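User: I'm new to reading protein models. Please pick one helix, look at it closely, and tell me what it packs against and what spaces it borders.

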Amino acid sequence: MPTLAIVGAGPGLGLSIARVFGAQGYSVALIARSRSTLDSLVAGLPGVDAAGYPADIMDRPSLVDAFKEIAANHDPVEVLEFSPAPRGPEPGLVLAGPLDVSVANVQPHFDFYVHGAITATGQVLPGMLERGTGTLLYTTGPHAVTPAPAMGNVGMACAALRNWVLNLHDALADKGVYAAHVPLATDAEPDAIAPHYWRIHTAGEGGEHLLSPEALRSTREL
Ligand SMILES: NC(=O)c1ccc[n+]([C@@H]2O[C@H](COP(=O)([O-])OP(=O)(O)OC[C@H]3O[C@@H](n4cnc5c(N)ncnc54)[C@H](OP(=O)(O)O)[C@@H]3O)[C@@H](O)[C@H]2O)c1
């Protein structure tokens, strides 16, 4: 049974993506900090082989440990989906406009998005390369593509993540592993967005999929 690992799984997009892949026969490994969040996600996935692994993206050894447990409990990770989202104000992860960006307020966003994604990817990519198969999907927002002043510091980190993923996509193109950046530019319900992750995974084409309201309307899902 192939495994989907979601880094930053929550009751929004994470749960909906888990449902879609679970319905397609995937085992689902969910990573978030809170055990109670993970327990309620697993409870919301009846009939799906799902389990939660607590880890904090900002504490990279804990993220590495979570993937070790996933490797021990599941078949190899076939799909990695990285979509952590702070749920409310987080100390350290503050927003700053361009005039207020500082080393102190941009560094945590790089830790969260860039270093978190590199760490998670490092736990699954070697196996994918060995098997010659796998999908890596990284979710951000439109500010990763188009600068948005209100997102001055977080936009820098998401743009850096995007830059890496686009290069990763090209570097992996002839190796059987597919990587893509998925900027979400819609306030559609997660259940309406999640099937597009299955479509993107199964098509395995393109380094970036901007999910705007127009894109959601114009593309067939499953
Ligand atoms: N219009 C838009 O642009 C739009 C709309 C919707 C979603 N999105 C994007 O979609 C993605 C998912 O958003 P969502 O709100 O639907 O999220 P979600 O899947 O409901 O939950 C995300 C989870 O990330 C976890 N998380 C936060 N900080 C973490 C950390 N340091 N380490 C590990 N896990 C952490 C949280 O759990 P814990 O607190 O337990 O760790 C949370 O449950 C995000 O990338 C978001 O930006 C964009």
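Analyst: Here is a walk along one helix, beginning with its helix partner and ending with two pockets. This is a predicted model, so local features need pLDDT of at least 70 and side-chain atom pairs count only at pLDDT 80 or more, while totals for chains, interfaces and linings use all residues. Residues are numbered from 1 along each chain as its sequence is written, and side-chain values use heavy atoms, leaving out hydrogens and water.

Our helix is α4 (103-131). Helices are DSSP runs (H or I, at least four residues) and strands are E runs of at least two, numbered from the N terminus.

What does α4 meet along its contact with α5? First, the geometry: the two axes come within 7 Å and cross at roughly 20 degrees. That makes α4 roughly parallel to α5, a label for angles under 35 degrees. The axes are lines fitted to C-alpha atoms over the stretch in contact, with angles from 0 to 180 degrees between N-to-C directions. The crossing is right-handed, meaning the near helix is turned clockwise from the far one by less than a right angle.

On the α4 side, the contact (heavy atoms within 4.5 Å) includes Asn105, His109, Phe110, Tyr113 and Leu129. Across from them, α5 brings residues including Asn153, Met156, Cys158, Trp164 and Leu172. By class, this contact has 17 nonpolar, 4 polar and no charged residues. Here Ala, Val, Leu, Ile, Met, Phe, Trp, Tyr, Cys and Pro are nonpolar, Asp, Glu, Lys and Arg are charged, and the others, Gly among them, are polar.

Now for the spaces. A pocket is an open set of points on a 1 Å grid over the protein atoms alone, where a 1.4 Å probe fits, with protein on both sides within 12 Å along at least five of seven lines; lining residues have an atom within 4 Å of a point. The largest pocket holds about 940 Å³, the space filled by probe spheres set on the points. Its lining counts 42 residues, with Ser83, Pro84, Ala85, Pro86 and Arg87 lying nearest the centre. Among the elements giving two or more residues to that lining are α4, α5 and β5 (134-140), and α4 gives the most, with 3 residues.

The second largest pocket holds about 150 Å³. Here too α4 supplies the largest share of the lining, 5 residues, and α3 (60-73) also supplies at least two. Phe67, His74, Gln123 and Arg131 are among the lining residues, which divide into 7 nonpolar, 3 polar and 2 charged.

Key:
Parallel < 35°, antiparallel > 145°, perpendicular 65-115°, else oblique.
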